[in-house]
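This report looks at one helix, two sheets and one buried residue. Please have the sequence and the structure open while reading.

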Amino acid sequence: MVRAGSFFWGALAWGTLAVQATPLRYPPTPKVDQVDSYHGIRVADPYRWLEEADSAQTKAWVSAQNQVTDAYLDAIATRAPIKDRLTRLWNYEKYSVPFQEGGRYFLSRNLGLQNQSVLYTTSNLEEQPRVLLDPNQLSPDGTVALSGYAINSSGTLMAYGLSTAGSDWQEWKIRDIETGQDLPDRLKWIKFSGASWSKDGKGIFYSRYDEPKAAFQETNYFQKLYYHRIGTPQAEDVLIYERKDQKEWGFSGRVTDDGRYLILNVTEGTNPKNRVFYKDLQTPASPVVELLDKADAAYAFVDNVGSVFYFTTDRGAPRGQVIAIDTTQPKTLKMVIPEAQETLDSAHLVDNYILCTYLKDARAQVKVFDLKGGFTREMTLPGLGTVAGLGGKRTDKETFYAFTSFTSPATIYRYEVATGKSTALFQPKVAFNPDDFTTEQVFYTSKDGTRIPMFISYKKGLQRNSTNPTYLYGYGGFNLSLTPSFSPSNLVWMEMGGIYAVPNLRGGGEYGEGWHQAGTKLQKQNVFDDFIGAAEYLIAQKYTSTPKLAIGGGSNGGLLVGAAMTQRPDLFGAALPAVGVMDMLRFQKFTIGWAWVSDYGSSEDPEQFKALYAYSPLHRLKPGTSYPATLITTADHDDRVVPAHSFKFAATLQAAQAGDAPTLIRIETKAGHGAGKPTTKVLEEVADRWAFLTRVLSIKVTTQP
């Protein structure tokens, strides 16, 4: 690491600033007489017209809103120095976890400020790798992103997917690895799918939808699994599996390393309970066998040893275990590694060992077992953080992983499985001293008495005097876990004296499926109570106070912020909901929104409607209420959480706001839900976010002599 002195900031220091409130004039948003009836309850939706994202009226509204927001942000003096420091910190080499295939290694690298990471290949990791694909050459503004890729077993061909302007839709191509030239193949209308090569390298298995009439709004149903033979048109692809009776089922195909089986992971929306089927590829006409067909638990295929399939599952073990099924005796499930006190996050079979990553109070722990489940060792990790990687084949002798924490950027390690030796391979050099910062983990009590963990990161020497600007970030849903990770944007916030706090809310996967279920459907309010409890804890322990406390989150986390700020507008100084699900009565009507019913429930169900209506951020807003300063962010090409959620929430909030606190919406163009967003756009958005907070939380950056 490189120690950075205060000169990187131009010697910036934090102090208080009394901001003169200037009432903003928002663009007029016409109302329509739209009322819907839900189980006898009439609900007005006066801004329904904003759901038409491509209409001239909506486009004019978007432009007008952006003009107001841009003018507000342009007037903030801290914006430029924040972006400058952010750019300096962001400018370091970043590597992905390498993997090997066909005698080659593959990895991505970003030199620092490249809009998109570049994919490389090499036969020796100690040598300079060769560029295999540079997405930065595909568009001048960096809005074409590499969304996925797969290498055939001989290391000669690569299938890869491209996403444009942040869309979930992908187009897949085939590249000759030796020459770097693309073959004529083009595969379209692919979404939520990777690719898996047949063992002979002649084709790929992938999933797609039928061509939609309205690509950015139409609901996505009836995904199908296909086989594409290289050199043939997509129209001739072989349909491997579909279910005309199950419009919500999704399929992903994975060829086993020995090439014998095609494993079909069958999902239904975002429900973690899934099915697993397989097809014997040695016999082309063989049927698809429904191995695990009850959707009674979560199953993740690990690997196979002949006819024996290994899975991780929470069946009978809420925190997860490893089981084996011999397909010659499919009704017999053998427990290999039993449930532990920690939550099993993933497992990989490498060098005839099973590498299991666990979450111990949301921080990583890695244990190594033999194929019979015998404990071999626990991996020594650098500290409190997160591990990613550890993939490979049963025949590999090495694997690779990344370790990161809130104050340490990802270092890439090579791991020799038999000996347990870790060697640092790529260690980034960032212009800051990690020893200047610290992370603590605390536990607080939520409204119903549940014990909730929270990470709190800040610069050493911070005084708990209730005056520290604090950014409370959360998610709480879909069985996803928030674990320690490094972010230059959060480091900038901490350098400026800010606290970054992350609670592990119910609805996530930190403590297994029971923790997840406790934050879903009729129990979703638990998530908001946990988040509000985190804010109350930070205030009670004098880390911060309401005028200095901001909350943030994206997607389901945007819903979290919207619910919290509408339930407790008195508790927060600022709110930053990003690409949030704000209309809980209509989310299932757009693109992939129906898939979230497993977590949220649906307004079509009378009891679930009552719960949704009670917390739906759009419908919770009340005229004449003083809401915290709010900066809503979304993108015009978001085809996952369509921007209408944020549009209608912004219009309603602006009409309801009783105080002088700004209620702004920042609408990115040529961007989507977030994946693949170019670095230039990321830097601009983060600088705007922190600049907004410096103003509304009455904080300024001053220049020292």
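What span should the 19 residues of helix α1 have at 1.5 Å a residue, and how far apart are its end C-alpha atoms? The expected span is 27 Å, and the end C-alpha atoms of α1 (residues 56-74) are 27 Å apart, which agrees. The expected span is 1.5 Å times one less than the number of residues.

The model is predicted: local features need pLDDT of at least 70, side-chain atom pairs count only at pLDDT 80 or more, and totals for chains, interfaces and linings use all residues. Residues are numbered from 1 along each chain as its sequence is written, and side-chain values use heavy atoms, with hydrogens and water left out. Helices (H or I, at least four residues) and strands (E, at least two) are DSSP runs, numbered from the N terminus.

**Helix α1**

The buried residues of α1 include W61, V62, Q65 and Y72; buried means under 20% relative accessible area, exposed over 50%, and partly exposed in between (1.4 Å probe, protein chains only). Seen down the axis of α1, the buried residues fall within an arc of 160°, so they line one face of the helix. The arc is that of the directions from the helix axis to the C-beta atoms. The face turned away from the buried side carries the exposed residues A56, Q67 and D74. The cover over the buried residues of α1 includes α2, β39, α10, β40 and α11, where contact means heavy atoms within 4.5 Å.

**Residue E668**

E668 lies in strand β40 (residues 663-668). E668 is buried, with a relative accessible area of 8%. Leaving aside neighbours within four places in sequence, E668 is in contact with T634, A635, D636 and K681.

**Two open sheets**

Strands of a sheet pair through backbone hydrogen bonds, either parallel or antiparallel. Two strands pair if DSSP finds at least two bridges between them. The table lists two open sheets with antiparallel pairing.

| Strand order | Number of strands | Edge strands |
|---|---|---|
| β13-β14-β15-β16 | 4 strands | β13 (195-197) and β16 (238-241) |
| β21-β22-β23-β24 | 4 strands | β21 (299-305) and β24 (333-337) |

Because β21 and β24 each have a single partner strand, one side of each is left without a neighbour in the sheet. Strand β22 (residues 308-313) and strand β23 (residues 321-326) pair in the antiparallel sense over 6 bridges, and the bridge partner of T312 in β23 is V322. β13 and strand β14 (residues 203-208) pair in the antiparallel sense over 3 bridges. In β14, Y206 is the bridge partner of A195.
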